[in-house]
Amino acid sequence: MKKNLLILIAMVVSGAAIAQPTLTQANNAYSVGNTLTLVSTTFPTPITTGANQTWNFGTVTPSGSSTLNFVAPSTLSSFSNFPTANVASTQSTPAAEQFYLSSPTSLEIVGSYLNNTPYIHTNPETYIQYPFTFGNTFTDTWALNYLSGLQFSRGGSTVVTAD
């Protein structure tokens, strides 16, 4: 849910001045020094999708929030687990670190560090592809490993659509 909310926030902020925003690395990527507040809520249903829709979130009540601070990955003690990352986020509640590879064509999650456990993506998860605009869609297959008493492997497929 938070991932969808993050993309929605990015699109709303990027689209403030134009009707159909196109997300690019230049106007949307996480950068060292950025701060982002994630707000938890329950979205009203149904939300109408498609072209020429106006959404009013004036009645949405936040139920909690968390702040992400974006830093150079090399400043974090768990960086050695994620050598391909070029930006990282930290948050205090819950205490977590997330590592990303940002490029002109995509933003990928290469791993996370939570509860002293590295979650290493053996196939990074593409968070967004660039350029990305209304009607675009992509499917990404990802996989990760972690050790929590036993060795675990997880994987999946994510479909992202701009609406």
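Two strands pair if DSSP finds at least two bridges between them. Strands here are DSSP runs of type E with at least two residues, and helices are runs of H or I with at least four, each numbered from the N terminus. Keep both ideas at hand for the views below.

The model is a predicted one, where local features need pLDDT of at least 70 and side-chain atom pairs count only at pLDDT 80 or more, while totals for chains, interfaces and linings use all residues. Residues are numbered from 1 along each chain as its sequence is written, and side-chain values use heavy atoms, with hydrogens and water left out.

**Figure 1. The whole protein.**
Let us start with the full chain, which has two helices and ten strands. Following the sequence, you meet them in the pattern α-β-α-β-β-β-β-β-β-β-β-β. Of the 163 residues, 34% count as buried, where buried means under 20% relative accessible area, exposed means over 50%, and partly exposed lies in between (1.4 Å probe, protein chains only). The protein exposes about 9300 Å², and carbon and sulfur atoms supply 55% of that area; such areas come from the Shrake-Rupley method with a 1.4 Å probe, and for residues only the protein chains shown count as cover. A contact means heavy atoms within 4.5 Å. Among contacts between residues at least 6 apart in sequence, 43% join residues at least 24 apart.

**Figure 2. The hairpin of β6 and β7.**
Strand β6 (residues 106-114) runs antiparallel to strand β7 (residues 117-129), and eight bridges pair them. Look for Y113, whose bridge partner in β7 is P118. Two residues sit between the strands of this hairpin, and N115 takes a positive phi near 55°. On β7 you can also find a pairing with strand β9 (residues 137-148), antiparallel and with three bridges. There, H121 stands opposite L144 in β9.

**Figure 3. From β4 through β5 to β6.**
Strand β4 (residues 87-92) and β5 are antiparallel partners over six bridges, and the hairpin they form has two residues between them. V87 has Y100 of β5 as its bridge partner. Next along, β5 pairs with β6, again in the antiparallel sense, over eight bridges. A hairpin of two residues joins β5 to β6, and S103 stands opposite S106 in β6.

**Figure 4. Y30 and Y100, an aromatic pair.**
Rings of Phe, Tyr and Trp (its six-membered ring) pair if their centres lie within 6.5 Å; planes under 30 degrees apart count as stacked, over 60 as edge-to-face and the rest as tilted. By this rule the count comes to eight aromatic pairs. One of them is formed by Y30 and Y100, edge-to-face, with 5.0 Å from centre to centre and 70° between the planes. The pair links distant parts of the chain, 70 residues apart: Y30 is in the loop between α2 (25-28) and β2 (35-40), and Y100 is in strand β5 (residues 95-103). Both Y30 and Y100 are buried. One aromatic cluster takes in Y30, F70, Y100 and Y127.

**Figure 5. The nonpolar cores.**
A nonpolar core is a set of buried Ala, Val, Leu, Ile, Met, Phe, Trp, Tyr and Cys residues joined through side-chain atoms within 4.5 Å. The largest one has 18 residues, and those with the most contacts inside it are Y30, L36, F70, Y100, L107, I128 and F132. The elements that give two or more residues to this core are β2, β3 (64-71), β6 and β7. Apart from it lies another core, of six residues, including F82, A85, A88 and F99.

**Figure 6. Two residues, Q91 and L101.**
Is Q91, in strand β4, buried or exposed? Q91 has a relative accessible area of 17%, so it counts as buried. A polar contact of 3.5 Å joins the side chains of Q91 and S66; the term means a pair of N or O atoms within 3.5 Å, where within protein one must be able to donate a hydrogen and the other to accept it, and residues adjacent in sequence count only if both atoms are side-chain atoms. Leaving aside neighbours within four places in sequence, Q91 touches S66, T67, L68 and A96. L101, placed in strand β5, is partly exposed because its relative accessibility is 26%. With neighbours within four places again set aside, L101 is in contact with T84, N86, S106, L107, E108 and V110. The C-alpha atoms of L101 and E125 are 9.9 Å apart, with 24 residues separating the two along the chain.
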